[in-house]
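Subject: Handover of the structure and notes on it

Dear colleague,

I am passing the structure below to you, together with an account of what was found in it. Please read the notes with the structure open beside them.

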Amino acid sequence: MSEDLAKITKNSNGFYTWSCSMDPEYYKKGMGAGIKACIGIAVFILVFGAFLAVQYKDWTDFLIVAGCDAVFLLITFVVFKLALSAEDPQESYEMSDIYVKSGYGKSSVYFDYDKAKTAVFTPKYIELQNGIKKIRVFVPEEDYDFVKRYIMNRLTGECEIRYES
């Protein structure tokens, strides 16, 4: 990992915030899910357009749908190509007494500590899981022990704790 953007700071609301480098392979895996979702949407639109064209015997509208679908896929390709070209992907985090949040704005992911069924601690990140949802929290090396203690103190007694190297 390269130089982190900012170390952990406590803001006026009492939340801890930081930005940190994340594992490029983990980042690419997340982008892969987004690419698959966009391709799935494009295929659905194309199949639904073909279904309507057959039903109404009007292929003119289908050509418009296919053209729009092609533009959508082109934009998708360009956006994901730019996103995947990041050599040192960064993520921002917010940590409160109730949850930890990854990302910002509408793309942020919240994970409540009391919902964690498993907590995995590795030297590079902390991962909270509840069977369906999981969040991976990357932490600056010098602040790792603080974040680890902070999260562990908020997990329930039913949460399985694992250490991996």
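**The sheet and its central strands**

Glu127 stands opposite Arg136 in β8. Please keep in mind, for this pair and for everything that follows, that the model is a predicted one.

Glu127 belongs to strand β7, which covers residues 125-129 and has five of its five residues buried, so the strand is largely enclosed by the rest of the structure. As for the directions of its side chains, Tyr125, Glu127 and Gln129 point one way from β7, while Ile126 and Leu128 point the other way, and all of them are buried. This fits the general pattern, in that the side chains of a regular strand alternate between the two faces of the sheet.

On one side, β7 is joined by five bridges to strand β8 (residues 134-138), and the two run antiparallel. Besides the pair named at the start, Ile126 stands opposite Val137 in β8, and Tyr125 stands opposite Phe138 in β8. The two strands form a hairpin with four residues between them, and in the turn Gly131 has a positive phi of about 100°. Strand β8 has four of its five residues buried, so β8, too, is largely enclosed by the rest of the structure.

Strand β6 (residues 118-121) is joined to β7 by four bridges, and this pair also runs antiparallel. Here Val120 stands opposite Glu127 in β7, and the hairpin formed by β6 and β7 has three residues between the strands.

Taken as a whole, the sheet is an open one of four strands in the order β8-β7-β6-β9, with mixed pairing. The edges are held by β8 and β9 (160-163), each with a single partner strand, so one side of each is left without a neighbour in the sheet. On average, neighbouring strands of this sheet are turned by 15° against each other, with direction ignored.

**The helices**

How are helices α1 and α2 placed against each other? Helix α1 (residues 24-56) and helix α2 (residues 59-84) pack at an angle of about 175°, and their axes are 9 Å apart. Angles over 145 degrees count as roughly antiparallel, which is why α1 is described as roughly antiparallel to α2. Sorted by class, the contact of α1 with α2 has 21 nonpolar, three polar and two charged residues.

In the loop between α1 and α2 lies Lys57, whose phi is near 50°, a positive value in a residue other than glycine. Lys57 counts as exposed, at 72% relative accessibility.

Within helix α2 you will find Phe72, which is partly exposed, with a relative accessible area of 30%. Phe72 and Ile41 are 31 residues apart in sequence, and their C-alpha atoms are 9.7 Å apart in space.

Beyond α2, the loop between α2 and β3 (90-95) contains Glu87, which counts as exposed at 76% relative accessibility. Glu87 and Pro24 are 63 residues apart along the chain, and a distance of 7.4 Å separates their C-alpha atoms.

Which residues of helix α3 (residues 144-152) are buried? They are Tyr144, Val147, Tyr150 and Ile151. Seen down the axis of α3, these buried residues fall within an arc of 135°, so they line one face of the helix. As general background, an α-helix has 3.6 residues a turn, so residues three or four places apart point the same way.

**The cysteines**

The structure holds zero disulfides. Cys68 is in no disulfide, and the nearest cysteine sulfur, that of Cys38, is 16 Å away. Cys159, for its part, counts as buried, because its relative accessibility is 9% and the cut-off for a buried residue is under 20%.

With best regards

Conventions: Residues are numbered from 1 along each chain as its sequence is written. This is a predicted model: local features need pLDDT of at least 70, side-chain atom pairs count only at pLDDT 80 or more; totals for chains, interfaces and linings use all residues. Side-chain values use heavy atoms; hydrogens and water are left out. Axes are lines fitted to C-alpha atoms, for helices over the stretch in contact, and angles run from 0 to 180 degrees between N-to-C directions. Angles under 35 degrees count as roughly parallel, over 145 as roughly antiparallel, 65 to 115 as roughly perpendicular and the rest as oblique. Ala, Val, Leu, Ile, Met, Phe, Trp, Tyr, Cys and Pro count as nonpolar, Asp, Glu, Lys and Arg as charged, and the others, Gly among them, as polar. Buried means under 20% relative accessible area, exposed over 50%, partly exposed in between (1.4 Å probe, protein chains only). The arc is that of the directions from the helix axis to the C-beta atoms. A disulfide is a pair of cysteine sulfur atoms within 2.5 Å. Two strands pair if DSSP finds at least two bridges between them.
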